[in-house]
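Work through the exercises below with the sequence and the model open. Try each task before reading its solution.

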Amino acid sequence: MGRIPERVIDEILDKADIESVVGHYVSFTKRSGSNLKGLCPFHSEKTPSFNVNTQKNIYKCFGCGKGGNAINFIMNIESLSYPEAVKFLGAKYGVDVPEEDSDYRESHIKQHKERVRKLLSDAEAFFIDEFKHSPDASVARSYAAGRQLDPDTCDKFGIGYAPAEWGVLKSFLVKKGYTEQEMADSGLFSVSSNGDKIFELFRGRLMFPIKDAFGNTIAFGGRNLGKELPKYINSPDSAVYKKQDNLYAYNIAKKERSKTLIVVEGYMDVIAMHKAGFSNTVAALGTAFTDSQLRLCARTGNCEEVVFFFDSDAAGQKAALRAIQMMIKYLRRMSGMMIIIKIAKVPGGKDPDEFIRQNGTEAFAKVVESAQTMSEYLAQRAYNDNVDENDKLDTARYLNDICLYGSWTDDEIARDIIAGEASKKLNMRIEVIINRMAGLASNDREREAMMEARGLGRMREEEIENRRSYQAQEQLPQEYYDSQVPPPETGALKKAEDVPQQDVPPGFPTFDQPQMSEDEIADPMQISLMAHALSLNELLCDKSMVDKEDIVRAGDFRCPNLKKMIREYYELYTEGTGVSVARFIDVMSKYLLNGRPAEDVILEAMTKCDRYSDSKVLRDMYLAILYKVRLEQMTVKEEELVKKMSLSMGEDREHIIQDLKKIDLYKKKIKDKESRI
Ligand SMILES: [Zn+2]
């Protein structure tokens, strides 16, 4: 992994205050002092158990156990890697994150991606050139003219043509010096089943380059020009492209900084909209709208509302319902996202493109303005779907749809809107309808919670696997094992059931844990010692608070991971300020304790320290635990020596007796100190 300099991490954790970082995704319902509470964005819950501590700059959920700092919050919620999350926050909070790729593999991957990007941009130029000049492309040119794509528009969107003949693009790219591997990874080719041949994916098609937010070409969409199916082909996910994270024309739309972002179905719709002056239009790329696409919308400049257009045909309308259901779910999870979602409908069952051509820009602006909120749309939709041409309503089906749609949301106002009209039309009390919605919803939520827990479990397993392989690589220097206590027997593996388990919230299935490595096994006392030491923070090495010999050291821990952690702790330690918890979470995030992420375990233990508002009381608690741990170690050592003594003679025996005396003195000293607490 390319290393990011420590000072950059420090600066980011300093500037990216946890309240504003988390507040973008979670709305806080309660505030007391430096503690904020809200619904957890990582698991479904009805009463808030997600806590943010603005003073320590950390978060912790007591429902699912997740905890950490701003960086791992972003990693979790945006599904980013560590360096990506750092860059994400750096960009947002104005901290320069230098690219420092010391590692060969990392820089190799980067180089490969750069080559693939270059290839895609060369391919784009090739397609444009073909479109403009090749005699073969006349069918593409006449199609474009027929759809009123003038030369300026074609230039703006990089419209191109992929030749119908096999091998043309390939030989162009070979001449440019690209390897078959680079071509295969570009998404422009498909690979034969035995893997030794590549074929052009797009042939005889009108080409729409798909760009990332910065305008780099990362994929293509290709439309047929004859009768061949499918009508559209899109690049698959590739080394540089992830369909679910991108939107067509986003690079142009984001520059508008408009309050409204319009989402349509296809490339041609987007282009028509931009041509008509609605440059704030994007399209999802041949998939159902994803949560990361919605986040992308919400991140756009001044965006306050997203207006969706769905095709008017049956398929489009079915897609609309599914999209709304998903969207409500996304919003429920990202309760801090202040974005209004609306649904617009083009009159007369037309596409936006067609409508603009026939009725002009102003008429279309009115269509955008008259977009309905999701609740309004659902209420009307339930009616329209169940009324026949003679205005006769199928009341049973209508009521069913109304209750179903209302069950998708937890929002009282939304339910009121959806149930309101129905109550009048059916001459039924609104409470009856709303109760039915709530009943359906609670069944749904239970199922959802189970599904989520399963997903969360899978994510956790992956994360734990990663940390375990890191643990295996990172070994401590031998002197860290040469402490007062013998290291655990090598190769000894303990089973998960021998270690205290975390409380699993109701509804969460428990997961089979793989066997733990000895590095991560820690008893509650050691964990508590670490938690108290971290809670003392800058007072830990303050002579007026803690004697020098009472400062916790690696030797006090049996658990190798705790040893490694405390060593890194002192590396970061500065006199007077200590190490912020948020900063130290970054260190802990590499380790496991008892099969769980170390930061989750330690933060949990640290909350128990929070109740000591007086630092002297906290110090005394810390000392009490420290002495207990040290006495225990001495007892173990003593027992060993006694055993050894019975087998030794002469000088050896004398040494052991001396050692035992020393231990005895040391124990007395500790006990004496203990009694003075
Ligand atoms: Zn949670």
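The exercises that follow concern a predicted model.

**Exercise 1.** Find how far apart the end C-alpha atoms of helix 16 are, and check this against the expected span.

Solution. Helix 16 covers residues 395–408, which is 14 residues. The expected span is 1.5 Å times one less than the number of residues. That rule gives 20 Å for helix 16, and its end C-alpha atoms are 20 Å apart, so the two values agree.

**Exercise 2.** Which residues of helix 16 are buried?

Solution. Buried means under 20% relative accessible area. In helix 16 the buried residues are Tyr398, Leu399, Ile402, Cys403, Tyr405, Gly406, Ser407 and Trp408. To read such a list, recall that an α-helix has 3.6 residues a turn, so residues three or four places apart point the same way.

**Exercise 3.** Gln148 and Ala249 each need a location, a phi value and a burial class.

Solution. Start with Gln148, in the loop between helix 6 (138–146) and helix 7 (151–157). Its phi is near 60 degrees, a positive value in a residue other than glycine. Gln148 counts as partly exposed because its relative accessibility is 44%.

Next, Ala249 sits in the loop between strand 11 and helix 10 (250–253). Ala249 is not a glycine either, yet its phi is positive, about 70 degrees. With 4% relative accessibility, Ala249 counts as buried.

**Exercise 4.** What kind of peptide bond joins Leu229 and Pro230?

Solution. Omega is about -5 degrees, and the bond is cis. Pro230 belongs to the loop between strand 10 (217–224) and strand 11 (232–234).

Terms used: Residues numbered from 1 in each chain as written. Predicted model: local features only at pLDDT ≥ 70, side-chain atom pairs only at ≥ 80, totals over all residues. Heavy atoms only, no water. Helix = DSSP H or I, 4+ residues; strand = E, 2+ residues; numbered from the N terminus. Buried < 20%, exposed > 50% of the residue type's maximum accessible area, 1.4 Å probe, protein only.
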